[in-house]
Amino acid sequence: MSQFQSYQRYSQYVQGPDGIRLAVDIYRPSDEPLPAILIAGRFHRREIFERTKAIVEKLVLSGYVYMVLETRGYGASFGYSQGFCEPEDSRDVKSVIEWAAAQPWCNGRIGMMGSSNKGFIQETTAVTAPPHLVAITPAVCNSDFYYQNYPNGVSALPARMQERPIKTEMGAPVDEDPPPHYPMATAALQEHENNKPFIGYQFIPHMFRDTPNDLFDYIPNLAIPPCEQSAAVKESGVAVYQMAGWFDPSVGGQLITFKDWGGNILIGPWNHFQITHGTSSFPNGNVDMGEEHLKWFDFILKGTDNTFSSQPPVRYYTQNAPAGEEWRESYSWPLERQQNTTFYFGSGQTGTARSVNDGSLRLQPPELEDHDEYEVNFDIEVFDPRVGRMDRYCPLDMREMLDEKGLTYTSQPLQAHTEVTGHPVVELWIASSANDGNFLAYLEEVDEEGHSHLVTEGFIRATHRKISKNEVWDSLGLPYHRSLEQEEEPLPMGKPVKCSFLLEAVSYLFRKGCSIRVSVTCAERGVQQPERIHNDSPPVITLYHGGATASSITLPIIPQE
């Protein structure tokens, strides 16, 4: 039952550390000091409120002050935006947090929430360790932003994000801005004329992690991602509850962040856009995000003894699980019962796919070395190129759109239900007529009628194949590619080399009688080809299997109890 029956909204400017005026809406149910929740992002603050109104009202009427901050360059805030996230954001948010903590209506305990860019800003703010920031609740955002945009070096920048308009409309004036002309909001809008594209200004195709951008005095992919400063987050003591979707490109990175930072994580059958309200078409896939946030903030900001004090930190949804058993819990990641099982690529014909090769997938490595040749097909579209992998759920049959345009390796029908929960890893032994190239691997389930369903996927750019040491990735048994420019390794002409890379994390129950398939291609419309690869002269690649060049996929299989 709600603690309060109504609330009031008022707005004002709060000064950032460099004196910039930042517009903030404040929703308060009373004059008494209460814990506060802040959301900060690159959208108009009233738009943010309307998108999350049901969640916000549940929090406010339950005894929280709710604040919405427009970051510089948006709404009524002054300044201009340099893109998705910039170093000034965390400093601005820290100033607002410390200002709020000193107000009579705040008890000094502040949390943050929000998804995507609004989640990423939470993580970069945690790096700065504001004294009064107690908890963050980032959703669908990867602390390793380089890896999300350039998985293992492959440029996978979504077109919509690169092309988002530079200018914004005038935001809602703050209360102190005199009508009818609102000179403050009007002046802020004039400064917004310098706004840069959401993604395509800071982050451009074919960047290494340490590629400088001459437009800035910092290296974007080293200065911005919070994973580069994980120690500061852990030392800050800020509590972290991540929310993730299996169909969002952040999910694997969020699990790796959980392994590094600890805290809690929730993973549902959602894409990048569904997580705001936790809605899904999957059986029992919905979660009331208002209740979820309230339970978390009551526990962490008010000290309420609820289920967060005793529940396992990992809660996740398993696709195809029996009705009522879709949601699982774990005290660890990876799951304690995980058994890494390797399936090896082999020669065909299996008669299961009209692919270039129709190869096999088997538990024993072929003794003899063999290979399949493949002329790169650029006419492949699995994901909507406008949003790319921000919606990775693809319910269509993969045969015509993917399998028949690439190399496939298909297992015998499974003799029992087989659960895969974790991070699959692929090892490809490849050669090419070009000295670079993208390699894309898709894990699929093939049903008894031959229909092929996408489960998960992973990419690598061949010249980024060098494996670097990373304590967190190493603890998970995953190959980490630092992707520094000095580590670039062109493909030697005609000589096989090994490319090891992970697929996006997944929890999926392969059904008895179905088969496991891996499809390998070198192109997809949502990713950008390396600079030297052109559609008018497709390279010919060779994929080796068996003997000393045993290409394979290792699946994290969970034995059924």
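Start by selecting D260 in this predicted model. Its relative accessibility is 17%, and because the cut-off for buried is under 20%, D260 counts as buried. Show what surrounds D260: apart from neighbours within four places in sequence, its contacts are S230, K234 and V472.

Next, widen the selection to residues 251–261, which form helix α10, the helix that holds D260. Colour α10 by accessibility: 10 of its 11 residues are buried, so the helix is mostly covered. Besides D260, the buried set includes V251, L255, I256, F258 and W261. Step past the end of α10 to G262, where phi is positive, near 80°.

Now hide the helices and display the open sheet. It has 10 strands with mixed pairing, in the order β1-β2-β4-β3-β5-β6-β7-β8-β9-β10. Select 8–15 and 327–330 to mark the edges: these are β1 and β10, and each pairs on one side only. Going across the sheet, neighbouring strands are turned against each other by 20° on average, with direction ignored.

Within this sheet, pick residues 21–28 (β2) and 65–70 (β4). The two strands run antiparallel and are joined by four bridges. Which residue of β4 stands opposite V24? Label L69 to see that residue.

Finally, bring back helix α2, residues 53–61. Helix α2 lies across β2, β3 (34–41), β4 and β5 (106–115). Compare its axis with that of β4: α2 runs at about 135° to that strand.

Technical notes
Residues numbered from 1 in each chain as written. Predicted model: local features only at pLDDT ≥ 70, side-chain atom pairs only at ≥ 80, totals over all residues. Heavy atoms only, no water. Buried < 20%, exposed > 50% of the residue type's maximum accessible area, 1.4 Å probe, protein only. Contact = heavy atoms within 4.5 Å. Pairing = 2+ DSSP bridges. Axes fitted to C-alpha atoms, helices over the stretch in contact; angles between N-to-C directions.
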